[in-house]
Every structure is written in structure tokens, then in C-alpha cells.
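Let's take a walk through this one together, starting with its main pocket and then moving on to the ligand. Keep the structure open as you read.

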Amino acid sequence: MEKLEQVLDRLVAGVQTALRGDGAAVRLLNGDGRHLVLGAASGLAAGREGTERVPLEGCPLDEEALAGAPVVVVDARDDKRAACVPEQCRAAVCVSLVHSGEPVGTLHVYGKKPGSFDEDDVASLVALGDLGAAAIASARAANAREKLEASKAHFVRVTTHELRSPVTVAQSLVRGVLKGYAGELSEKQMDVFTRVAGRLDHLENLVNDLLSLAAGRAPELAEKEGPVMLRASVGRAVLLFQPRADDKGVSLRQETCCEGLVIWGTEEGLDSVFSNLVSNAVKYTPSGGRVLVTMRATGDEVVVQVADTGIGIPAEAIPHLFEEFYRAPNAKAADEAGTGLGLAIVRDLVERYSGTIDVDSEEGKGSTFTVTLPIYRFDG
Ligand code: ADP
């Protein structure tokens, strides 16, 4: 979605070209509907229009256009309404910009020669004004949505962060009780506290995943990005889950290449991508199965694959895998704990680093997740 400034710049440039004018400008009504402020200007109008807010009464052309019909100035020298026509221009047309019945601003085209514009030009400016008003309204709506999303993300980050310490404290208290620090427990009490501990583990995973998700979407993350060694990140993920794989009786191996190969991202983010993928592969592969992590560079890209011989993914679940909180029915039935946030985190990060993620899977046979990332070259 184009930003408002881009929409306005394209609008004035388009108007000037289409009407063969010597300048064009768009002015926007501000919140009170009684003042105008320059949105964009081109040609002779650029630099001539002030950027300050001006009262509508000070702009007779705009005031008249906003009252209804297009206003045509044949020769600025003989027209009292032409106060704000650029100095070197003699002719002008001004139309109102209206979207869904609401006035948004005005659109102007200027010409050096008196009588530069005929009836067809006026009709064209009206049509361009209608398109422009719709584009301005949708850019503004997108802007408002972006702001709302940013404030929602901030809210999630702050609240989740606040949840983390009480969860950790509750977890350590319950573990203490289970170890007998608060006296001997009856079988029933032991059962209840064990279940509470399990729920708290889930809550901790959820809090951590929500924090990663919010962190991955935080705009300030871009400032921390830089060149990151890919092979080291893949290696760390494999190392992290080796004990879990060994415990489960799953063979976890890596065949990596390209020492020194670098991609553009953050170390934390890249570690999160591969840890999530390797963790899932180990988690959803029953005892006796295999997980293989491979890496290969092809031209400007590097491809990392995490393949397993696990439970696989039902075909109808594949389109939903990267949605937040989605878990396939066979994963739930496998009684493996999960939040359904890991792959949403992975996809956000991979896309942030201009990469792609694909999955190929067959239920009961296994899954292969393929991450493709552009290789970063220091010489550009
Ligand atoms: P979860 O916390 O449930 O593992 P993810 O977002 O990481 O959440 O994954 C979403 C869902 O994708 C999982 O619940 C599971 O259904 C499916 N999935 C992910 N990786 C695998 C895999 N390697 N094998 C089988 N299913 C997988």
C-alpha cells in the first residue's frame, strides 16, 4: 500500500502530464474543514506554494471549488480569485476532491498561457480528482490501520513481558512444593501440583512464544539487523535439541556447508527460525525416526532444509500451518505440547530477511521445511 505522500506526488505529476500543464498542486483540508494545507506540488507550483495552514477564506479558488463546480481561471491578471496561482502562470483550473460525500481537499492545474485549458481538460481534471480522492482516502485508512497495529503490538509486548516474572515465580514455587519443601504431599496433592506444574510450563512457553512473535514484528528490530553467519546458527539449533533427540531415540544429524556464508538479519532471529524448525522436527518424530538438517548455496541464495520422518501433516492442514495458534489435529492427538505460534514466528522472521519458507509433507511419512534466504555479500 502506497504511503499518502507517494499518492499525492503521483497525483500531481499525473495531473500535470495528462493536462499538459506547467504546474499542479493538491491541497488537503485539515481536521476542522476550514483550513487547507499543501499536500504536494509539481512544476511551476513546486516551491511556490507555502507549507503552512491557510484559512479557506484566504483561497477563493479552493473555496469556490469546494462549494460545488470546478473553477476555471482564464487569465489570472483579470481574475480576483487567482491570488494563489503561481507567479509565472496565467491560467488555472481547480476542482474539489470528494470521497464518499466528504470533501478531502482540492486539486489544481496551472498553465503559463492564458486560456490554457478547455472543457475537456476540466472534465479530465474532475475524473482525476475522483480517482485521487479515493486513493487519498485509502492511503489514510491504511495509515490509521498501521498505527493501530503498532499500538496493538506494543500492548502485547508490554503485557506479555509483565506476565513473564509471575509465571516464573509460580513455577519455581510449585516445583519447590513438589520437591517436598512445604512438607510431605499426599498422592492426591502430588497429582494436583504436578498438573499445575504442567500448566505453568505451557504458560511459560506461551509467554515466550508471544514475546518472540511480538519482538519479530517490532519495527525497532530492523536497527539491530546486520550480517549473520548462517552455518553457526543452524549448528546451534541442532546442538540445542541433540539431547532431546537422544532422549527420544530420534537420530538428529546435520550436513551443512558454506562456512563463512552470511545473510542479513539478527542472530537472535535466525537462531529462533532454526530452533523452532529443529524443535518441531524432533517433537513430531516418534522414537526410531530421523531428522536431517541440510544446507546448500545456489547462486545468490542459500537453502536450509529440515527434513524428518515423523507424523507428517494432513494436506488440509498445510494452508493453515503458519497462522498463529494453529495446530494440526494429528499434532494435538500426538499429545505433544505446543502453542501453535512457532511457525508464525518463523515465517515473520524469514520474510523480514527477504526469504521464503515452504513445506512439503505427507501424513504418516514425514515433513520437510525449506527456508530460502538471500546471501549477503559485503561488496554489495
Ligand atoms: P506448535 O507449538 O504446535 O509446534 P508451530 O507453530 O511450531 O506450533 O507448528 C504449527 C503446527 O504445524 C504444529 O502444531 C503441527 O501441527 C505442525 N507441524 C510443524 N512442524 C511439524 C513437523 N515437523 N511435523 C509435523 N507437523 C508439524
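How many residues line the largest pocket, and which of them lie nearest its centre? The lining has 50 residues, and Asp209, Asn276, Ser279, Gly342 and Ile345 are the ones nearest the centre. Bear in mind that this is a predicted model.

As for the space inside, the largest pocket holds about 1300 Å³. Several elements chip in at least two lining residues each, among them helix H4 (187-217), helix H5 (230-248), strand E11 (301-308) and strand E13 (366-374). Helix H7 (329-333) and helix H8 (342-352) do so as well. The largest share goes to H6, with 11 residues; that helix spans 267-283. Sorted by character, the lining comes out as 23 nonpolar, 18 polar and 9 charged residues.

Now for the ligand. It has 21 residues around it, and the closest are Asn280, Tyr284, Arg327, Thr339 and Leu343. Here are some polar contacts to look up on screen:

| Protein atom | Ligand atom | Distance |
|---|---|---|
| Lys283, polar side-chain atom | oxygen | 3.0 Å |
| Gly342, polar backbone atom | oxygen | 3.1 Å |
| Ser367, polar side-chain atom | nitrogen | 3.4 Å |

On its own the ligand would expose 530 Å², and the protein buries 98% of that. Gly342 is worth a second look: its backbone makes one of the contacts in the table, and the residue also counts among those nearest the centre of the largest pocket.

Zooming out, the chain splits into domain 1 (4-144) and domain 2 (225-380). How far apart are the centres of domain 1 and domain 2? Taken over C-alpha atoms, they are 53 Å apart.

Key
Residues are numbered from 1 along each chain as its sequence is written. This is a predicted model: local features need pLDDT of at least 70, side-chain atom pairs count only at pLDDT 80 or more; totals for chains, interfaces and linings use all residues. Side-chain values use heavy atoms; hydrogens and water are left out. Domain bounds come from an automatic or database domain assignment. On a 1 Å grid over the protein atoms alone, a cavity is a set of points where a 1.4 Å probe fits but cannot get out, and a pocket is an open set with protein on both sides within 12 Å along at least five of seven lines; lining residues have an atom within 4 Å of a point. Grid points are joined across faces, edges and corners, and a volume is the space filled by probe spheres set on the points. Helices (H or I, at least four residues) and strands (E, at least two) are DSSP runs, numbered from the N terminus. Ala, Val, Leu, Ile, Met, Phe, Trp, Tyr, Cys and Pro count as nonpolar, Asp, Glu, Lys and Arg as charged, and the others, Gly among them, as polar. A residue is near a molecule or strand if one of its heavy atoms lies within 4 Å of it. A polar contact is a pair of N or O atoms within 3.5 Å; within protein, one must be able to donate a hydrogen and the other to accept it, and residues adjacent in sequence count only if both atoms are side-chain atoms. Accessible areas come from the Shrake-Rupley method with a 1.4 Å probe; for residues, only the protein chains shown count as cover.
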